[in-house]
Amino acid sequence: MEFDILGLNPLTVLVFGPGLSALIIAALPNNKVLSRWLSLALSLVIAAVAVAVFANYNNTFMDDPNVSAFQFQTQAEWFTLLGSSWHLGIDGISATMVLLTGILVPLAILISWEVDDRPSIHLALILFFEMGLMGVFVAMDLMVFFLFYELSLVPIYFLIDQWGGKNRKYAATKFMIYSVGGTLGMLLATQLIGWTAGTFDIQQLSQIWPRFMGENGSFLGIDINTVKGLSFAGFLIAFGIKVPIWPFHTWLPDAHGEAPTAGSMLLAGVMLKLGAYGFIRLVVPFFPDVWIGEINLLGLQFTAAGLFAFLAMLGIVLGAFAAFGQNDIKRLVAYSSVNHMGFVAIGIAAMAVAYGQAWANGSEEHMQSGIIAANGAVLQMFNHGLSSAAMFLLAGGIYHKTHTRDLREYGGLWVKAPIYGGIFIFTSMASLGLPGLNGFVSEFLVVRGTFPIFTWLTAISMIGLLFTGAYILKGIRATLHGPFNMKWRDTALEIEPREVVAVVPLMILIVITGIFPNWILPIINDSVTIMMHSITG
Amino acid sequence: MDLNNLNTLPWLIPVGPLLAFVIITLVTNKSRMVRADDSHEYGGHHPDYDGMNVPVVAPWSRVASIVVGLSGVISAWLISWRVFFEAISINQFGKDVIFADSIDWLSNGLDTFRMGVMVDPLTAVMLFMVPLAVLCIFIYSIGYMAHDPRQARFFSLISLFAGAMLTLVVADNILLVFVGWEVMGVCSYLLIGFWFEKKSAYNAAIKAFTVTRVADVVMLLGIAYLFFLSYEFYGFATLNFRDILYNEAFLEYAAGTNAIIFGGLGLSASAVIGIFLIIGTIGKSAQFPLHVWLPDAMEGPTPVSAMIHAAAMVSAGVYAVIRMYPLFDAGGHVHAGDFTAPLLLMAVIGSFTALFAATMGVVQRDVKGVLAYSTISQLGFMIAALGMGAFVAAFFHLITHAFFKALLFMSAGSVIHAMEHGEHHVHEHHAHDHHHDHHDEAHVESVGVGDEAGTHPPADAHAATEDPAEHPREAGTHFDPQDMMNMGGLRHKIPVTYYAFLAGGLSLAGFPLLTAGFWSKDEILADGWYVFRETGSGMHLIVFLVLALAAFLTAFYTMRQIGLTFWGEARTEEAEHAGLGGPESIISRTMQLPLIILAFFAIFAGFVGVPPDFPILGSIFAPNGNPFFDFTKYALMESIQPEKPTFSWIPVLTSFGVALGGLYLGWLIYWRNPLKAGDEDPIKQPLGVLYDLWMNRYYMDDLYGMVFVRPSQWFSAVVVSTFIDKGIIDGFLHLVARAFIWTGDLIKVLNLWLIDGVSDGIPEAIGHFGVWFRRIQTGRIQQYLLLAAAAAIIIGLIFVVSTTLLQAAG
Amino acid sequence: MVPLWLFLAVAAALFCIGTFGVLTRKNAVAVLMSIELMLNAVNINLVAFWRFQTPLDMSGQAFAAFVFVVAAAEAAVGLAIIIAVYRNRRSVSVEDIDMLRW
């Protein structure tokens, strides 16, 4: 059931609500208590809208042809000269992401209450960040997408640069330059695609651009395959940095490690999903033929999707190894994101193969696997958002209390922090992919989906799954187990009630998704299925 | 929910323990802060934390946790037994009738994967055994954990453990089995590391989890593949056991399809899936080469060992392969000596492990260590039996083993408890100033914390993480209440435990005719022999011989253990004063009641599986055919149901021979000439170099450390984190960044002399011109005026002339 | 009646005398007086044109009156400056007053 809020489209509210809230918080007098409570209240309102949008998303379109997969659409004139319009709307994939963003931001705000340095600006930046994230997820126009995609970089840059750890300047600069540099190719590709198609509407482009053959197979005197390949590469690098795909991942441990707790939560929880979302929303439908096209490099024959899956596999395996090799708790958790997002990436690769084959020759051979892999990828995005946010929350919590991130400085903390210990083990297990908790469902779906397509790569990535266990156990061992480090004898280590309030919603969602994934999966599944099946009709 | 609807009733079985877990964790697990040196409130064997305040479970919470945990398990037990008795009352249960129910669980494209519960004969028998064993373990834990400062946490975790096991048992698909399987893995991890301050405990926990996970990820791959295969066949998503295992068409399809991985080796899809699933069991049920975690797993509290070794964890592994047997057998016919790859793998691994672990069991000094190796060995029996196609026999041995092994572990726990009691007594006697709470496990004290010498743990972080083994207390000088060399003569001190242990031990050894262990082991050997005799299959003969040898060793080390522990005279002062705190103590009672229950089953459970053509006994216990066999076989389709082996004297006499021979040898060495204090183990001399090899577990732990653990640590820290990420990738990024900076510098220099030169030059020229031009200004007003006047005149003239000319031009 | 051109001729003569005085006299006071001459030449022109061209309109006379006022004010300011300069320099010669360069 579509609804509106005071006559406004709820998606408009989701995009501009946070921005407006940020302005209000920033403009108010610098009063800690006021800005904290007010920002929490405003973000909760936005969360309520996000939940309402998700709950009212109608996934009966499989049975009812009158229902569109894209709902809550709104369109306004914006950049008519270029053929771009202000077009918002969501399908099941974006609805999931909107829900995730809506839930995580209030929790991040609650956590950033611990910031005493210029709190109102800090909170305003978080809300501003939410605007960028929401904008990307609800955009149905490529220009709008790009706008918000870049916009989201700004607040997080300042969050890291101003409120981060010791090495924050390096991390913030690296993150910013890497991200912006990465999107240059995408900007060019965006312009090229929009210009040739005469529109920036993503749905229309998904139809037009793959069929675009230039003039007799060449475009501006360049072979059309080269043009498409280059634009594909532009998108690939931009989103690949964001996901991150190995080897574009090294900004992540620095940025996540140095960012303030709330920043890490949102970076890992939502921002990484922008890249994956971009792949699913744009790169897969825009370049079905490029994904499965053969590349011949140094005598090796492979497809773009195969290469992508190979890199994803490296991300899974090497990400896990790297996490295992860390002695810094936040870097360990950060590397776990590389590991987990690798599963998203390999799922996307499988989806792209299924989509590409169906597009190119109507083959349904891998259709079911592709759908399952895509389901798994999207659900993994959601799940990783929950568990990594919770992990960063806990890692940040212990850092806040001990002022060290070095695992070797901890030890035996469980005895002084029994509740913290229990929660830490719980979220660690979620991150590890324990069956019965959320991560397992999505990882299983991804493995099931990719195994028939990338058999060996999936098999090898199981090593990563093994080492996921190893680094998680290392984290627990170093933090909670072992003899108590008497250095912390008089330090209050137990988790604070505020942190408990922030982590409990995540834990509830983790359990519910693990035990009964179908509360959310049908919404993802139906959108993915209709997207995949629409190619072959 | 309708309690009379047997289809939906199985849902409720795991709910009780799981709910107990939630309630204990959230509600009743409440602690008070107590100073750690308060020996009255806080167990003296735990680290004293230098007098810091530590949480200790509140008294009401202890009681409440026991009540909640016990209610959960009792509810599961009652429901399970109700289901079980309903099931056995149905004729040919499993063939047409099963209890099953499912819900939509996972959307997959156009259809939905359904998750559910199912009770067939296998499940029904498990539902008889598991809740009973778990209930005994719970009752035992009441006494065993009575004084532990984290008792509530123990009960919550063990409830989760039980809930996970029951989930696995009632699952109707392999995915839900995997869920229970992994949750148990985590519970065992947390419970093995329950005394988390102790290095050996958390290391054992990590080892258990990691080693089993090696297998689990492979198993996950197998499940994913099976999920794919079933979709290819059915066109919808299913992993339901009835769909996969009870449908000949599917099994034929699976056996006839070339595998998408390792297909080049000529393996069919069913073979690859089978091997992957079996690898999962090799990890979970501690088979060679992944057996290394199980001996260390006894670091946890003893009830946990019973849980892992008997009722839950390792049984789950065997249960899963028994469950999946039709898939393994697809495409072959093992009863005709035609092995498929998965069954051959099981036969080889199982029989090898049975013998391999038995050899190590022979030399153990730790009372729980012997049992740990015997578990590995007995699981090998089951795996090998299944590999030979002895489906029912393997399952029968699983059930009897669960009873007698739970019994043995809990008896061993009582022995340890009694020894600690003795140790406490000795300490009191020697008037040490150190207070020991007299009912706590001994090990926790070794965490580099205060001991008799009164040293305190170093506050320095690096020192605190040092190897506690370097601590003088750990260096072998202190008393180990688990070392059998320190025992002796305990049969007089703890008679109930002695008889219970005797019952369990004889059952393990397969004491003929009387014990459950004999009947199940005999059935395995009989099945192997039968197929060999019928088909001449050499593999069956080899397995038969290896298992017989392993059974001989089993009987021997069992007798050795009983001898060292209970016979002869006390070899230490501690053993002299061992005891359970008097028969009136609640601890004594709760720890003895389960032993009596389990001893009953360890002896008599075997009589449900007596072959009908066994001389004399067959006509007494199985006048209408072997009841266990006849009930269980309907878990399989009729086409692959095992044939009942006809009676043959050779396997029976072999069973007699190995069991009695081993027992006699043990009796000879350890009864006739009991070990005295300070004596060496009498088998050390004759075994020679083998003794060291077995004592050091064939050096496999060291090998793994060298080949896997340390290289992977090195690889992670040095190669991946430092070399690849920081060195190559970041190095490349920094190089690019530096190149940009250099380019920037170059452009800056260019700016200085080119662009700045031009842009600064123009204003400068203008300035120079101004300096020159300003000389025109004299400051004399009259000159200015003159100029102005001249200009006016000239302009006027021009105006006049031009107008005139224009007018003239017309 | 005196014709217009005679008035204009007188005014032109007077203006030329004034201009010559401004450009040639060294004494600042004389320069000031010459300026008065030029202004009065203008006044003659204004009044003459008013009388011959638009006798009904008073604007010519009004202009002349303005010029008187301005001339008086100018003379006052000018003399004041000259006195100030004289006080500083002990001279009223315009040759000496050349500080307004640049």
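How many residues of chain A are in contact with chain B? Select both chains and you will find 75 residues of chain A in contact with 67 residues of chain B, where contact means heavy atoms within 4.5 Å.

Some ground rules before we go on. This is a predicted model, in which local features need pLDDT of at least 70 and side-chain atom pairs count only at pLDDT 80 or more, while totals for chains, interfaces and linings use all residues. Residues are numbered from 1 along each chain as its sequence is written, chains are lettered from A and ligands numbered from 1 in the order in which they are written, and side-chain values use heavy atoms, with hydrogens and water left out.

**Stop 1: chain A against chain B**

Color this interface by element: about 6,300 Å² is buried here, with carbon and sulfur atoms giving 72%. Buried area is the accessible area (1.4 Å probe) that two parts lose on being put together, summed over both. Now pick F444(A), F451(A) and M486(A), which lose the most area to chain B in chain A, together 11% of what that side buries.

Next, show the side chains of K174(A) and D730(B), which meet in a salt bridge at 2.8 Å, N to O. The count between these chains is 1 salt bridge, the rule being a side-chain nitrogen of Lys or Arg within 4 Å of a carboxyl oxygen of Asp or Glu. Then select helix α18 (residues 455-479) of chain A, a DSSP run of H or I with at least four residues; this helix supplies 13 residues, the largest share of the side of chain A that touches chain B.

**Stop 2: chain B against chain C**

Move on to chains B and C, where the contact takes 8 residues from chain B and 12 residues from chain C. The area buried between them is about 950 Å², and carbon and sulfur atoms give 55% of that. On the chain B side, select G779(B), R780(B) and Q782(B): they lose the most area to chain C, together 51% of what that side buries. The rule finds 0 salt bridges across this interface.

**Stop 3: chain B on its own**

Finally, hide everything except chain B. Its C-alpha atoms fill a box of roughly 160 × 75 × 60 Å along the principal axes. Of its 810 residues, 59% count as buried, meaning under 20% relative accessible area (1.4 Å probe, protein chains only). For contacts in chain B between residues at least 6 apart in sequence, 76% join residues at least 24 apart.

Definitions and conventions:
Helix = DSSP H or I, 4+ residues; strand = E, 2+ residues; numbered from the N terminus. Buried < 20%, exposed > 50% of the residue type's maximum accessible area, 1.4 Å probe, protein only.
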